[in-house]
Amino acid sequence: MEIVRIEAGPRYSQAVRAGGLVFTIGQVAIGAPGADVATQTADIVARLDRLLEEAGSDKSRLVCATVYLAELHFYEAMNSVWDKWVQTGSTPARTCVQANLLSPDYAVEIAVVAAVR
Amino acid sequence: MEIVRIEAGPRYSQAVRAGGLVFTIGQVAIGAPGADVATQTADIVARLDRLLEEAGSDKSRLVCATVYLAELHFYEAMNSVWDKWVQTGSTPARTCVQANLLSPDYAVEIAVVAAVR
Amino acid sequence: MEIVRIEAGPRYSQAVRAGGLVFTIGQVAIGAPGADVATQTADIVARLDRLLEEAGSDKSRLVCATVYLAELHFYEAMNSVWDKWVQTGSTPARTCVQANLLSPDYAVEIAVVAAVR
């Protein structure tokens, strides 16, 4: 099974493709730290779009997602962006729980698995 | 790689099959909210059985599971049902941590990956 | 798809190989409970090395990892061991969040997915 690593750093890679599946890092809003929840989520899904593209996949091929919310009441604001991002008929199996994230600047963290095109 | 989505909704699918693997949603006891931990766990694994069947798999093909407990002291009550559900010789790699779940009515959340038959 | 289970117990298996991927349990420092964070992390990655070997893989084939920290300020101590363990050019997609673990003796829990050799 061939492994392709996207933006492989010394600590982690932003995404790894193994066989027909792509696994992304738990993505946070590094482009919008401290912003409101919807803005952070938009920053995250834009980066996921880019990573999936680099790995030969896209959001229509999402398989599963794990969403960590710093606060449970961020749920609706996260979903306001999520619901527009995902495509009807192509939605992943999603898990969503509360978790304290590495920085108080981050409200949401999303990791996904997708199938290559 | 073919993708098959089970109960695909506008926000998420209950399970997604990609290649030979099935990924389920983080399942909560939507059939028994607020019930005791064992009852909720039984509700969850019954739904997982149904989803795996729909996806062409079953509990003998479990690969991994992530169990989120709203309270760590729910561990034994969850396991009392889990241990009867899984089959000796077919147990998945399991991760179990505490996490605050989306509703206080839910005590347990379980997501699994299984291989198709 | 063939399934191979490593150290299959009645509740869970330490690792499960399905097709070309290996999924490990969320590993804690059962060899060093209560030890400092770096020592616990070293205990965990040594056990992951052994499990991956048994499953026909190794750390050069890591695909993704989920790291749960009992306390967020354990991040640097965990990384001090992680950074030496992983190989430049072979780093997995990693997710790291805080989570309360099953015993207060455990500071870190790490689950990985790897591709077989």
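In this predicted model, chain A can be laid on chain B by a turn of 120° with a shift of 0.0 Å along the axis, and the RMSD of that fit is 0.0 Å. The two copies are thus related as by a three-fold rotation axis. Within chain A, the C-alpha nearest this axis belongs to A:Ala99, which lies 3.8 Å from it. The two copies meet through different surfaces, since 4% of the contact residues of chain A recur in chain B.

A rotation of 120°, again with 0.0 Å of shift along its axis, superposes chain A on chain C with an RMSD of 0.0 Å. For this axis too, A:Ala99 has the C-alpha of chain A that comes nearest, at 3.8 Å. Here as well the copies use different surfaces, and 4% of the contact residues of chain A recur in chain C.

**The two sides of chain A**

Where chain A meets chain B, 24 residues of chain A are in contact with 24 residues of chain B. The elements of chain A that each supply at least two residues to this side are strand E4 (62-69), helix H2 (75-85), strand E5 (93-98) and strand E6 (108-115). Of these, E5(A) gives the most to the side that touches chain B, with six residues.

The contact between chain A and chain C takes 24 residues from chain A and 24 residues from chain C. On this side, the elements of chain A that give two or more residues are strand E1 (3-8), strand E2 (13-18), strand E3 (21-24) and E6. E2(A) gives the most to the side of chain A that touches chain C, with five residues.

The table sets out the kinds of residue found on each side of chain A.

| Side of chain A | Nonpolar | Polar | Charged |
|---|---|---|---|
| touching chain B | 14 residues | seven residues | three residues |
| touching chain C | 15 residues | seven residues | two residues |

**Strands of chain B**

In chain B, strand E1 (residues 3-8) and strand E2 (residues 13-18) run antiparallel and are joined by five bridges. E1(B) and E2(B) form a hairpin, with four residues between them, and within this pairing B:Ile6 stands opposite B:Ala15 in E2(B).

Strand E4 (residues 62-69) of chain B has eight of its eight residues buried, so E4(B) is largely enclosed by the rest of the structure. E4(B) pairs with two other strands of chain B, and the sense of the pairing can be followed for each. With strand E6 (residues 108-115) of chain B, E4(B) pairs in the antiparallel sense over seven bridges, and B:Thr66 has B:Ala111 in E6(B) as its bridge partner. With strand E5 (residues 93-98) of chain B, E4(B) pairs in the parallel sense over six bridges, and here the bridge partner of B:Val67 is B:Cys96 in E5(B). Helix H2 (residues 75-85) of chain B joins E4(B) and E5(B) in making a right-handed β-α-β unit.

**Helix H2 and a loop residue of chain C**

In chain C, helix H2 (residues 75-85) has C:Met78, C:Val81 and C:Trp82 as buried residues. Seen down the axis of H2(C), its buried residues fall within an arc of 105°, so they line one face of the helix. The buried residues of H2(C) pack against helix H1 (37-54), strand E4 (62-69) and strand E6 (108-115) of chain C. The face of H2(C) that is turned away from this buried side carries C:Glu76, C:Asp83 and C:Lys84, which are exposed.

Elsewhere in chain C, C:Gly31 lies in the loop between strand E3 (21-24) and H1. C:Gly31 is partly exposed, because 13 other C-beta atoms lie within 10 Å, whereas a residue counts as buried with 20 or more such atoms and as exposed with 12 or fewer. From C:Gly31 to C:Arg117 the separation is 86 residues in sequence and 27 Å in space, taken from C-alpha to C-alpha.

Conventions. Residues are numbered from 1 along each chain as its sequence is written. Chains are lettered from A and ligands numbered from 1 in the order in which they are written. This is a predicted model: local features need pLDDT of at least 70, side-chain atom pairs count only at pLDDT 80 or more; totals for chains, interfaces and linings use all residues. Copies are superposed by least squares on the C-alpha atoms of residues with pLDDT of at least 70 in both. Two residues are in contact if their C-beta atoms, placed from the backbone, lie within 7 Å. Ala, Val, Leu, Ile, Met, Phe, Trp, Tyr, Cys and Pro count as nonpolar, Asp, Glu, Lys and Arg as charged, and the others, Gly among them, as polar. Two strands pair if DSSP finds at least two bridges between them. A crossover is right-handed if, with the strands pointing away from the viewer, the path from the first strand over the helix to the second runs clockwise. The arc is that of the directions from the helix axis to the C-beta atoms.
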